[in-house]
Amino acid sequence: MATGRTHRPATRSRGIPEATVARLPLYLRALTALSERSVPTVSSEELAAAAGVNSAKLRKDFSYLGSYGTRGVGYDVEYLVYQISRELGLTQDWPVVIVGIGNLGAALANYGGFASRGFRVASLIDADPAMAGKPVAGIPVQHTDELEKIIKDNGVSIGVIATPAGAAQQVCDRLVAAGVTSILNFAPTVLTVPDGVDVRKVDLSIELQILAFHEQRKAGEEAAAGDGAAPAAAARKESTEQGPDGDVPAVMPA
């Protein structure tokens, strides 16, 4: 069984842009849904709409994979699922460790989508001695003292950090020293890693703040649209009213 220690995705060596790599999972999710409905082919327009991108960008992305579809027919769904899965390295088994089994870590452990997408939760690790041995999602939690041994025994190259911010860098350092080369960080802090280690940060508070910004902007635009008629009327009135000398507006602009 491949463990992910000696097999790396081919995206960098083949020169696929990072922006394209970031969209491949979106295409794969849409294609998987089509496959589950036994849809044999899909047009670039239909797939782009399902993935939330424009069709020209999709065709450009697929050209990096060497997949151009068939005019009048579209793309073969099953072949594209295989092609993208292979490019992302999902045709093999990737053991993953989750460090920090609080509410978030436990929720991640219970997520059922890992196995179907090429990932296997090899171990759950926590610093609390009281957690040791307790099953979460059917997997007994192990103490952080065993972290290095767990990584070596399971050939782990991907680690998930779901600890408090204060513990994240130390955990990261231990993961990297033990051989982990890719980290998914849920802790609300920026991690420092050496060259050759990839970090993806998921910060839910930042995402919510970005959504709040857009909500505030939309509310401002709606308010401006609603008040648009009043300033225009005031301006018209201002232009017709004159002051005592007949040449100065009665209402002076601020």
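**Ser 38.** I began with Ser 38 in this predicted model, and I found the residue exposed, with a relative accessible area of 63%. I then looked up where Ser 38 sits, which is the loop between α1 and β1, the strand of residues 41-42. I also read its backbone torsion and noted that phi of Ser 38 is near 60°, a positive value in a residue other than glycine.

**Ala 137.** I turned next to another residue with a positive phi, Ala 137, where the value is about 55° although the residue is not a glycine. I placed Ala 137 in the loop that runs between β5 (135-136) and β6 (139-143). Is Ala 137 buried, exposed or partly exposed? I looked up its relative accessibility, 38%, and entered Ala 137 as partly exposed, whereas Ser 38 is entered as exposed.

**Helices α1 and α2.** I went on to the pair formed by α1 (residues 18-36) and α2 (residues 44-51), whose axes come within 9 Å and cross at roughly 110°. I therefore recorded α1 as roughly perpendicular to α2, since angles of 65 to 115 degrees count as such. I noted the handedness of this crossing as right-handed. Which residues make the contact? On the α1 side I listed Leu 26, Tyr 27, Ala 30, Leu 31 and Leu 34, and on the α2 side Leu 47, Ala 50 and Ala 51. Sorting the contact of α1 with α2 by class, I wrote down 8 nonpolar residues, with no polar and no charged ones.

**Val 160.** I then looked at Val 160, which I found in strand β7, residues 158-161. I entered Val 160 as buried because its relative accessible area is 6%, and the cut-off for that class is under 20%. Setting aside the neighbours within four places in sequence, I found Val 160 in contact with Val 96, Val 97, Ile 98 and Val 99, with Leu 108, and with Leu 184 and Phe 186. I also checked Val 160 against Leu 124, 36 residues apart along the chain, and noted a separation of 9.7 Å between their C-alpha atoms.

**Whole chain.** I closed with the totals, counting 10 helices and 9 strands in the chain. Of its 254 residues, I noted that 35% count as buried, Val 160 being one of the residues I had entered as buried. For contacts with a separation of 6 or more, I wrote that residues 24 or more positions apart account for 57%. Finally, I recorded that the chain exposes about 14900 Å², of which carbon and sulfur atoms supply 56%.

Conventions. Residues are numbered from 1 along each chain as its sequence is written. This is a predicted model: local features need pLDDT of at least 70, side-chain atom pairs count only at pLDDT 80 or more; totals for chains, interfaces and linings use all residues. Side-chain values use heavy atoms; hydrogens and water are left out. Axes are lines fitted to C-alpha atoms, for helices over the stretch in contact, and angles run from 0 to 180 degrees between N-to-C directions. Helices (H or I, at least four residues) and strands (E, at least two) are DSSP runs, numbered from the N terminus. Angles under 35 degrees count as roughly parallel, over 145 as roughly antiparallel, 65 to 115 as roughly perpendicular and the rest as oblique. A crossing is left-handed if the near helix is turned anticlockwise from the far one by less than a right angle, and right-handed if clockwise. Contact means heavy atoms within 4.5 Å. Ala, Val, Leu, Ile, Met, Phe, Trp, Tyr, Cys and Pro count as nonpolar, Asp, Glu, Lys and Arg as charged, and the others, Gly among them, as polar. Buried means under 20% relative accessible area, exposed over 50%, partly exposed in between (1.4 Å probe, protein chains only). Accessible areas come from the Shrake-Rupley method with a 1.4 Å probe; for residues, only the protein chains shown count as cover.
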